[in-house]
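Colleague: I am new to this model. Could you walk me through its pockets?

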Amino acid sequence: MSNLTVRIPESLRKELQALCKQQQRPVSEVVRDSLRRYIATEQFHALRREMVPFAEAQGYLTDEDVFEDVS
């Protein structure tokens, strides 16, 4: 593993430390999990933006349109 230095506001650091204490997990583990979730969410949004024009061309304008066809 490698190290990464990140500067965050003191208030955010305190919130993070409180969460870690509550969950009894190390700060580095919580930060790694948070980054994984953030990256996965951003990848999902990017893929969705890429696919929306294709879906709209097929008549899928809302999530309900999709659910209607797959349900």
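**Two pockets**

Colleague: What is the volume of the largest pocket?
Modeller: This is a predicted model: local features need pLDDT of at least 70, side-chain atom pairs need 80 or more, and totals for chains, interfaces and linings use all residues. Residues count from 1 along each chain, and side-chain values use heavy atoms, without hydrogens or water. A pocket is an open set of points on a 1 Å grid, where a 1.4 Å probe fits, with protein on both sides within 12 Å along at least five of seven lines. Probe spheres on points joined across faces, edges and corners fill the largest pocket, giving about 640 Å³.

Colleague: Which residues lie nearest its centre?
Modeller: The largest pocket has 18 lining residues, each with an atom within 4 Å of a point. Nearest its centre are V27, S28, V31, R32 and L35.

Colleague: Which helix gives the largest share of that lining?
Modeller: Helices are DSSP runs (H or I, at least four residues) numbered from the N terminus. Helix 1 and helix 2 each supply at least two lining residues. The largest share, seven residues, comes from helix 2.

Colleague: How many residues of that lining are charged?
Modeller: Asp, Glu, Lys and Arg count as charged. Eleven lining residues of the largest pocket are nonpolar and four are polar. The charged ones number three.

Colleague: Which helix gives the most to the lining of the second largest pocket?
Modeller: The second largest pocket holds about 240 Å³. Its lining includes F44, R48 and F67. Helix 2 and helix 3 (63-70) each supply at least two residues. The most, six residues, comes from helix 2.
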